[in-house]
Amino acid sequence: MSVQVENLEKNMAKLTITVSADKFEKAMQEAYKKQRSRIHIPGFRKGKVPRAMIEKAYGPEVFYDDAANFVINEEYPQAMDESGLEIVSRPEIEVTQIEKGKEFVFTAEVAVKPDVTLGEYKGVTVTKAEAVITEEEVDAEIENTRNMQARTIDVTDRAVEDGDTVIIDFEGFVDGVPFDGGKGENHSLEIGSHSFIDNFEEQLIGKNAGDDVEVHVTFPEQYHAQELAGKPAVFKVKIHTIKAKEVPELNDEFISDISEFETVEEYKEDVRAKLLKRKEDSVKGAKEDEAIQKIIDASVMDIPEPMIDMQCENMIQEFEGRISQQGLTLEQYMQFSGSNVERMKEQVRPEAIQRIQSSLVLEKIAKEENIEITEEEINAQIEKMASVYGMTGEKMKEFISEEDKESIERNLSIEKAVEIIMQNAVEQEPEEKEEGSEEA
């Protein structure tokens, strides 16, 4: 295999990868093995047709797609390494030569990690702020704990109210015809969560367990399924069960049951201390974000579009992982929210760009400051990770790849870069608005 690199504009590059005819022939043979059980030629048992007979009947092109995939999947990772480029996107692959008995040639257009011309990163000004906790915040936190400790009880003596959870079957119809994705059974729906479109949930308020309800909604004009966009729909809903929360009384007995404290006052002091720590971390994080954003604004970098697109996809995958813990698929979320992948990409795009800019700037600062991470520091971080999962550091190392270690090293160097920024940052009082001034 040989790799030629052509640098393009806007931090893009094209790799031209040439694979020997012998390797392509091996891939053709693998493609034949994969397909032979599906190809029938009279006179031969299924799976026993010689490759030469298949190529005579259908042409060698019948194996080209699978052979190309075999070669590309095997050779592209090696070509990445040989190119010497820091590739930050998925490749756009194009096959430029494919013919039996000849070299196989394909190109991969990729985004390359952009260089950063740093602005001044020492002496950055940040807004002075103090962490203060109010009694209202303490009370709200305790109220949240009470709600989390609430028992769920079946309701049999009243109708559905806001805040209840109902177990329902539903099926949606447009013009009397059911539509894909509009049916569910034994679905748990919290009234007031706005999980479903339009005013679906509100129409269940006042109904009773066992009721059959017709819910009338209208899909948004910008709905992801064009055949449903803007159309009125009717959902036939069967309410099986109504469930409500029974919140425990706040007293010493309750506190001793849920914590190591004996009295409400002791518990309040602990909550206050934890809230203060949380707010201190939040204030610290806000100052760091402000400083980093100012450095970004003073720096120059040309981020290639495929790099942004991949970051958007990663963020949507992160979101998919979070909602899956609530028993919801991404497809269901898009169905109920009226969104689609492209719209979600547009929504996360500003944060995706900010994440990339922050990472690039901090990595550049780490390089400028000659920050190095020791093996001891990496091991200490692995120990921390292990404690989260209740295992030893040595056991955790069995699951840590070299790529994972590189990621840990990169994150630690970024943390040190942030420390350098904040050690040299200058706090200033927040600007006071003039009396009578109004925001535009």
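Trainee: Over how many bridges do S1 and S2 pair in the antiparallel sense?

Mentor: The model is a predicted one. In S2, Thr-18 serves as the bridge partner of Ser-2. S1 and S2 run in the antiparallel sense, and the number of bridges between them is six.

Trainee: Which order do the four strands of the open sheet have?

Mentor: S2, residues 12-19, pairs with S4 in the antiparallel sense over eight bridges, and within this pairing Met-12 stands opposite Ala-111. S4 also pairs with S3, residues 92-97, in the antiparallel sense over five bridges, where Ile-93 faces Ala-108. With antiparallel pairing, the order of the open sheet is S1-S2-S4-S3.

Trainee: Which are the edge strands?

Mentor: The order of the open sheet is S1-S2-S4-S3. Each edge strand pairs on one side only, and the two are S1, residues 2-7, and S3.

Trainee: By what angle are neighbouring strands of this sheet turned against each other on average?

Mentor: The strands in question belong to the open sheet of four strands with antiparallel pairing. With direction ignored, the average turn between neighbours is 20°.

Trainee: Which residue in the turn between S3 and S4 has a positive phi?

Mentor: S3 and S4 form a hairpin, and six residues lie between the two strands. The positive phi in the turn is about 85°, and the residue that has it is Gly-101.

Trainee: Why is strand S4 largely enclosed by the rest of the structure?

Mentor: S4 comprises residues 104-111. Helix H3, residues 64-83, lies across S1, S2, S3 and S4, and runs at about 55° to S4. S4 is described as largely enclosed because, of its eight residues, the number buried is seven.

Trainee: How far apart are the axes of helix H1 and helix H2?

Mentor: Two packed helices are described by the angle between their axes and the distance between the axes. H1, residues 21-35, and H2, residues 51-58, pack at an angle of about 90°, so H1 is roughly perpendicular to H2. Glu-25, Met-28, Gln-29 and Tyr-32 in H1 meet Arg-51, Ile-54 and Glu-55 in H2. The axes of H1 and H2 are apart by 11 Å.

Trainee: How many charged residues does the contact of H4 with H6 have?

Mentor: H4, residues 135-148, and H6, residues 264-298, have axes 10 Å apart and pack at about 110°, so the two are roughly perpendicular. Among the residues that meet are Glu-135, Glu-137, Asp-139 and Glu-141 in H4, and Lys-268, Arg-272, Arg-278 and Lys-279 in H6. By class, the contact of H4 with H6 has five nonpolar residues and one polar residue, while the number of charged residues is eight.

Trainee: Which side chains along S9 point to one face and are buried?

Mentor: In a regular strand the side chains alternate between the two faces of the sheet. Along S9, Asp-212, Glu-214, His-216 and Thr-218 point to one face and are not buried. The side chains that point to the other face and are buried are Val-213, Val-215 and Val-217.

Trainee: Which residue in S10 stands opposite Glu-214?

Mentor: S9 and S10, residues 232-246, run antiparallel and are joined by seven bridges. In this pairing, the residue opposite Glu-214 is Lys-236.

Trainee: By how many Å are the C-alpha atoms of Gln-203 and Val-160 separated?

Mentor: Gln-203 is in the loop between S8, residues 177-190, and S9, residues 212-218. Not counting residues up to four places away in sequence, Gln-203 touches Val-213, Glu-214, Val-215, His-216 and Val-217. Val-160 is 43 residues from Gln-203 along the chain, and their C-alpha atoms are separated by 9.9 Å.

Trainee: Does Gln-335 count as buried or exposed?

Mentor: Gln-335 lies in helix H8, residues 330-337. Leaving aside neighbours within four places in sequence, its contacts include Phe-179, Ile-197, Tyr-223 and Leu-228. The relative accessibility of Gln-335 is 12%, so this residue counts as buried.

Trainee: What is the radius of gyration of the protein chain?

Mentor: The protein chain has twelve helices and eleven strands. The globule rule gives 22 Å for 440 residues, and the value for this chain is well over that, so the chain is more spread out than a compact globule. The C-alpha trace spans about 85 × 65 × 55 Å along its principal axes. The radius of gyration is 30 Å.

How values were computed
Residues are numbered from 1 along each chain as its sequence is written. This is a predicted model: local features need pLDDT of at least 70, side-chain atom pairs count only at pLDDT 80 or more; totals for chains, interfaces and linings use all residues. Side-chain values use heavy atoms; hydrogens and water are left out. Buried means under 20% relative accessible area, exposed over 50%, partly exposed in between (1.4 Å probe, protein chains only). Two strands pair if DSSP finds at least two bridges between them. Axes are lines fitted to C-alpha atoms, for helices over the stretch in contact, and angles run from 0 to 180 degrees between N-to-C directions. Contact means heavy atoms within 4.5 Å. Angles under 35 degrees count as roughly parallel, over 145 as roughly antiparallel, 65 to 115 as roughly perpendicular and the rest as oblique. Ala, Val, Leu, Ile, Met, Phe, Trp, Tyr, Cys and Pro count as nonpolar, Asp, Glu, Lys and Arg as charged, and the others, Gly among them, as polar. The radius of gyration is taken over C-alpha atoms; the globule rule is 2.2 Å times the number of residues to the power 0.38.
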